[in-house]
Amino acid sequence: MLKKLMLALPVVAMMSGAALGADDYPDRSIRFIIGFGAGGNADTVARIVAEPMTQDLGQPVVVESKPGAGGNVASDFVSKSDPDGYTIQLMVGGHAVSAALYKSQPFDPLADFTFISTIGRFPFFVATRAGAFESIEDLIAKAKAAPGTLKIGHSGVGSTQHLTGELMDLKTGADFIHVPYKGGAAAATALLGGEVDVVIDTGTVMTPQEAAGSFDILAVTSAVRWPDKPDVPTLSETVSPDFDIVSWTGVGMPAGVPAEVADKLRASLHAAMADPDVAARIAKLGAKPSPSSGEEMRAMVERQIGLWKTVVDAAGIQKR
Amino acid sequence: MAEQFLLGLSVVLQPHVLMYAFFGVLLGQVIGLLPGVGAITAISLLLPVTFYLDPTSSVILLAGIYYGSQYGGAIASILLNLPGTPSSVVTCLEGYPLAQSGRAGFALLVTAVSSFIGSMFGVLIVVLAAIPMAALALKFGAPEYTMLVALGLVAASLISSGSPIRAFSMALVGIALGMVGSDANTGQYRFVATDALADGISLVSLAMGLFGVSEIIRNASNVETRKIDVKLSYKDLLPTRAELRSMVAPVGRGASIGAFFGALPGTGAAIAAFMAYALERRISRTPKEFGKGHLPGLCAPESANNAAAQTSFIPTLTLGIPGDAVMALIIGALILNGIIPGPRLIVDEPQLFWGVIASFFVGNIILLIINIPLIGLWVRLLSIPYHRLYPAIVLLICVGVYAHRSSVTDVVLTLVFGLLGYVMKWFRFEPAPVLLGFVLGPMFEENFRRTMLLYSGDFTVFLTRPISATLVFCGVALLAFTLISPIVSRRKTLKSLKGHGGPFSV
């Protein structure tokens, strides 16, 4: 009975609002679906923008967590929701990774979505224990000199961090052992404790440890130096030309949302991000606030899907 | 140290901060009481509120919910065999039989006091030894975790009141259930029937099903109406001198175990409670009393899970590393407020660091004060006829399990596990080892395979690292002792029978 009631709720909600045009949009609350647990990076970003969007749109934007299968549960749910603008999704870089990693997905990662805008873009940092290596060149040289001995701890098999490490292997010819942990924090703990030699993860994981003098940040994965850390060299200028990995968060909707509705939501999101306070909060997460058009976001996702497919195949990672 | 703690007290005793501490622990208490709704759900719902608070008040509020829920979790366990949180599963084992024999109020008082003492010990450890404890936690790598978990699995065979073989087979069932989901080392899916299971079976739904729902089915199918004689006079509420004496050592041991497990990232209150219970059974002179409302088995795990709830803040506050999902949320709240927690927190934000710690101290006193008068109210719950109570409980369980990760599959599974638990009880199999196997099995596999990957398949690493070797030794000793002691005691009985010239049939 309860199950039926719960299943019926969204149906009722859909019927009540499907026929309205963009002028009235939104006339009720918007579900902001995230594919990860509360408190994570995705959840935090969603809450940062949901708050000012609620004020701007005059209707509550309610963050709702549908965790599971690396965000696929949420993506599946959103792709099959009514394209009326009342179900939106916080997408992350994992959206493109999943497309490369899964044998089959119950949705098309490009065609089944309306892309609204990216929110933040953030690189990964290559860190080691303080004093363990002189530079990124030193690390890669030592890794090449003794193949299969140095270890990279990463936040989980098939995470963007993992694939970035594999890409570093492929592009530099180094041969690291890639050790999975449950999340970036666990990997950082392993680096602190001396169990692994390298961790590649976001600035939020690395910066506090660097500030405390426990980690050295050797390199950044973006093509150009990251504004927050201008002294950190890029992988592309040192050991791996053209290395360019920047992950992202953004907003998507089901395919087929009327253009006016999508534009209205995009305008509201961009207005929210223009607020210096909101921008500062996004920046605190180690991300650069990056409002974009829907086409730009779609093209970026398409490009990354292609890249990750190459990495998954070349590194011989089993698809799931 | 005292000076910093006073600084913390001066922060937390400001009226508005004190109000958030009070609100947090009160909410935690209620959340813990509700079956299935855990601290995680409550904290994630309240996370947006912290936008409007200063960082210190935010963390004090959210932390209060977490350790407050440890108190509340015991209440439904004792009254209805419903573990409000996974860490209060063990509380069911002794607390529920006590309530059934009419001593619910007594059991609630004992757990409130044990919880308080355990918490205070945990706070003391945080104040005095946060930094060395964090350093110790970092010494635990994959081999140490592997052996710690192995030790736990051996101990699992001790926590059942039935035979060790039966308990061990139930632990194996738990391990098998724990296999469902993504393999942490390859990312491959195992036994994933629907996408909803890609991240595994939820601990909440397993615990609620095996304990709460199975008990409801059992009671509902009983033709005779359940009648519990509720005693509420002070004489019945207060422990006797002998009972009091029997509690002192278990509370102390529980607090120590809890403080240790809490500080290790990745383990936590639930494992601490199980371990404290297993230890009490192992060293008890009257192991037969367990499962019938034995006091040491009630107060040790309660003291342990509360101590663990406090010390689990150690890695978060000193290293900026969350040990579990709740701590990740609290770090999330700090980040939302523009503070990136890390090793420098204690230096850069002493007001926040010590304010939060002092709030644990104050919050636990508040919890003790609000818990004792409420005992009378809770106990009256038992005078409601069961057939009126259980539809409401089933509904609460379903809502709680659904809220955990918005999954209808989880709700269905809870009911399935309820049936399973009912059948198991029919055949006299205990549910507690299933849960322990479920929690520890995947941890063992993950850490064992990580060890093999890190040390290129070298088994000797378990014996060459001192902490790991100590754990191996403890495990082997425990196993040997468990296997040999029944044989020895049977021989003794045999001998004494022969000595008395009695018949040879035993």
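**Exercise 1. Determine how strand β3 of chain A is paired and how far it is covered.**

Step 1. Strand β1 (residues 30-34) of chain A is joined to β3(A) by four bridges, and the two run parallel; helices (H or I, at least four residues) and strands (E, at least two) are DSSP runs, numbered from the N terminus, and two strands pair if DSSP finds at least two bridges between them. This is a predicted model, in which local features need pLDDT of at least 70, side-chain atom pairs count only at pLDDT 80 or more, and totals for chains, interfaces and linings use all residues. Residues are numbered from 1 along each chain as its sequence is written, while chains are lettered from A and ligands numbered from 1 in the order in which they are written.

Step 2. Within the pairing of β1 and β3, A:Phe32 stands opposite A:Ile88 in β3(A).

Step 3. Four bridges also join β3(A) to strand β10 (residues 246-254) of chain A, here in the antiparallel sense, and the bridge partner of A:Val92 in β10(A) is A:Thr249.

Step 4. Six of the six residues of β3 (residues 87-92) are buried, where buried means that 20 or more other C-beta atoms lie within 10 Å of the residue's own, exposed that 12 or fewer do, and partly exposed in between, with C-beta atoms placed from the backbone. In a regular strand the side chains alternate between the two faces of the sheet. In β3(A), accordingly, A:Thr87, A:Gln89 and A:Met91 point one way and A:Ile88, A:Leu90 and A:Val92 the other way, and all are buried.

**Exercise 2. Describe the open sheet of five strands in chain A and the helix α7 that lies across strands of chain A.**

Step 1. The strand order is β7-β6-β8-β5-β9 (chain A), and the pairing is mixed. Because β7 (177-180) and β9 (215-220) of chain A stand at the edges with a single partner strand each, one side of each is left without a neighbour in the sheet. From one strand to the next the twist averages 30°.

Step 2. Strand β6 (residues 151-154) and strand β8 (residues 198-201) of chain A pair in the parallel sense over two bridges, and A:Ile152 stands opposite A:Val198 in β8(A).

Step 3. Helix α7 (residues 184-193) of chain A lies across β5, β6, β8 and β9 of chain A and runs at about 155° to β8(A); axes are lines fitted to C-alpha atoms, for helices over the stretch in contact, and angles run from 0 to 180 degrees between N-to-C directions.

**Exercise 3. What covers the buried residues of helix α8 of chain A?**

Step 1. Seven of the nine residues of α8(A) are buried, namely A:Gly203, A:Thr204, A:Val205, A:Met206, A:Thr207, A:Pro208 and A:Gln209.

Step 2. Their cover includes β4 (113-123), β5, α7, β8 and β9 of chain A, together with α15 (325-336) of chain B.

Step 3. Just after α8(A), A:Gly213 takes a positive phi of about 80°.

**Exercise 4. Describe the contact between the two domains of chain A.**

Step 1. Chain A is divided into domain 1 (27-122 + 247-315) and domain 2 (125-238), with bounds that come from an automatic or database domain assignment. Taken over C-alpha atoms, the centres of the two domains are separated by 27 Å.

Step 2. Domain 1 gives 14 residues to the contact and domain 2 gives 11 residues, two residues being in contact if their C-beta atoms, placed from the backbone, lie within 7 Å.

Step 3. On the side of domain 1 that touches domain 2, α4 (94-101) and α12 (294-315) of chain A each supply at least two residues, and the largest share, four residues, comes from α12(A).

**Exercise 5. How many residues of chain A are in contact with chain B, and into which classes do they divide?**

Step 1. In this interface 44 residues of chain A are in contact with 43 residues of chain B.

Step 2. The side of chain A that touches chain B divides into 17 nonpolar, 15 polar and 12 charged residues; Ala, Val, Leu, Ile, Met, Phe, Trp, Tyr, Cys and Pro count as nonpolar, Asp, Glu, Lys and Arg as charged, and the others, Gly among them, as polar.

**Exercise 6. Where in chain A is the confidence lowest, and where is it highest?**

Step 1. Chain A averages a pLDDT of 89, and 92% of the residues score at least 70; pLDDT is the predictor's confidence in each residue, from 0 to 100.

Step 2. The confidence in chain A is lowest in helix α1 (residues 2-17), at a mean of 48, and highest in strand β5 (residues 125-129), at 97.

Step 3. Where pLDDT is low, the predicted coordinates should not be read in detail.
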